[in-house]
Amino acid sequence: MATRISAGELQKILQATPAEQNIMLTGKHGIGKSQILERYFTALGCRVVILFLGQMSDPGDLIGLPRLNTETGKTDFMPPYWFPTDGLPVVLFLDELNRARPEVLQTIMDLTLNRTLAGRKLPAGSRVISAVNDGDEYQLTDLDPALVSRFNIYEFSPTVEEWLLWAAKNNVDERVMGFIREQPKFLDSDGASADIDRGLQKTPDRRAWTRVSECIRNVNQIEGIHKKIIAGMVGPTATQAFCTFLSTIRILSGEDILLNFPQHSAALKKYRLHEMAMVNESILQFLELRRYTAEQKDTVKTNLLAYVKALQKGKRNEELAHFASLFENEAYQNAFSFIITDVPDVYNTVIQFIQNL
């Protein structure tokens, strides 16, 4: 079994792993493997080449086509469209590695060991990273143990908190984010089809929830046709749970609390522990993404302190303990920096609470 890593841990692994070592990411479809890698390396100024090996029908699709060299009288290969000719290193991302035909996989052997394709070497410093889907529900090609041994293998499993931060940055509909905060099990599965042959059974994944957001962004009231549209994206079980969530009271967001705590303080007193946990996480997400303006900063500081003090005075120890536990989550580094630097009374209150446990 591969070592499980989050999105934050993946970035640290990419930083620490020498370019000559290959990395393989296993995981479900739709969790953002290629997107995260492309964004990370592009930000460093690297060229990223994504090749979908499952779509290649012949090794020539990867190594290029043969031609007669009239000068030597021998056959050589025209470089494929993606091959770097400027001498600059590239990040070669081999997606769907375990969907590739066996003859294509044989070509990969030399690439992963010697950085060579048909006798042509990749520029020094180039990286090879692959991604595979893992599970009985996929139609896969068995990988040769010799090929597998050439990779450092990790099970890529981004946390729900990481997805929620990404969703907020990318303006995913708040109703979708609120639902995932309350029922995170539906982010990647509906739980109903885990032990049966899926076939064409639709289940949710992160890509699908983004499509739901795009579909309902300008829809105020979810009606029958919208439910059918959503069911085609995430499946009937997740759709029913999502619509039930929308019919209940909306959980206050971090923006509600930090920009207007006095108006909402009474409502918070009626919240149960799991609802307060969602509020806590939403507060940290709001701070992490710096969703406030310079003019709102003092209001945010005042309301954050008032919120934490209300938990303390109300003897809501479990809720305060959950808030304190979020300090250990590396996804909220900007939020913690804000708290320590700008609202030290909040930090001191939390530390004192932990020490008194």
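These legends walk through several close-up views of the predicted model.

In this predicted model, local features need pLDDT of at least 70 and side-chain atom pairs count only at pLDDT 80 or more, while totals for chains, interfaces and linings use all residues. Residues are numbered from 1 along each chain as its sequence is written, and side-chain values use heavy atoms, with hydrogens and water left out.

**View 1. Asp188 and Arg206 form a salt bridge.** Here a salt bridge is a side-chain nitrogen of Lys or Arg within 4 Å of a carboxyl oxygen of Asp or Glu. The closest N and O atoms of Asp188 and Arg206 are 2.8 Å apart. Asp188 sits in the loop between α7 (174–182) and α8 (206–216), and Arg206 belongs to helix α8, so the pair ties together parts that are 18 residues apart in sequence. Helices (H or I, at least four residues) are DSSP runs, numbered from the N terminus. Arg206 is buried, with a relative accessible area of 7%; buried means under 20% relative accessible area, exposed over 50% and partly exposed in between (1.4 Å probe, protein chains only).

**View 2. Two more salt bridges join Arg175 to Asp173 and Glu275 to Arg272.** In the Arg175 and Asp173 pair, the closest N and O atoms are 2.9 Å apart. Arg175 is partly exposed at 22% relative accessibility, whereas Asp173 is buried, with a relative accessible area of 10%. For Glu275 and Arg272, the closest N and O atoms are 3.4 Å apart. Glu275 is buried at 9%, but Arg272 is exposed at 52%. If you would like to look for others, a search of the whole structure finds nine salt bridges.

**View 3. Helix α10 spans residues 236–247.** Its twelve residues reach 16 Å from the first C-alpha to the last, close to the 16 Å expected at 1.5 Å a residue; the expected span is 1.5 Å times one less than the number of residues. The buried residues of α10 are Ala238, Thr239, Ala241, Phe242, Cys243 and Phe245. Their cover includes α7, α8 and α9 (224–234).

**View 4. Ser253 lies in the loop between α10 and α11 (254–268).** Ser253 is buried, with a relative accessible area of 9%. Leaving aside its neighbours within four places in sequence, Ser253 is in contact (heavy atoms within 4.5 Å) with Glu174 and Ser282.

**View 5. Aromatic rings meet in pairs.** Rings of Phe, Tyr and Trp (its six-membered ring) pair if their centres lie within 6.5 Å; planes under 30 degrees apart count as stacked, over 60 as edge-to-face and the rest as tilted. By this rule the count comes to 16 aromatic pairs. One of them is the edge-to-face pair of Trp209 and Phe242, at 5.7 Å centre to centre with 65° between the planes. This pair links distant parts of the chain, with Trp209 in helix α8 and Phe242 in helix α10, 33 residues apart. Both Trp209 and Phe242 are buried.

**View 6. Tyr307 and Phe323 pair edge-to-face.** Their ring centres are 6.4 Å apart and their planes are at 65°. Tyr307 lies in helix α13 (residues 297–313) and Phe323 in helix α14 (residues 317–325), so the pair ties together parts that are 16 residues apart in sequence. Tyr307 is buried at 1% relative accessibility, and Phe323 is buried at 0%. Ring pairs link Phe261, Tyr307, Phe323, Phe327, Tyr332, Phe336 and Tyr347 into a cluster.

Definitions and conventions:
Helix = DSSP H or I, 4+ residues; strand = E, 2+ residues; numbered from the N terminus.
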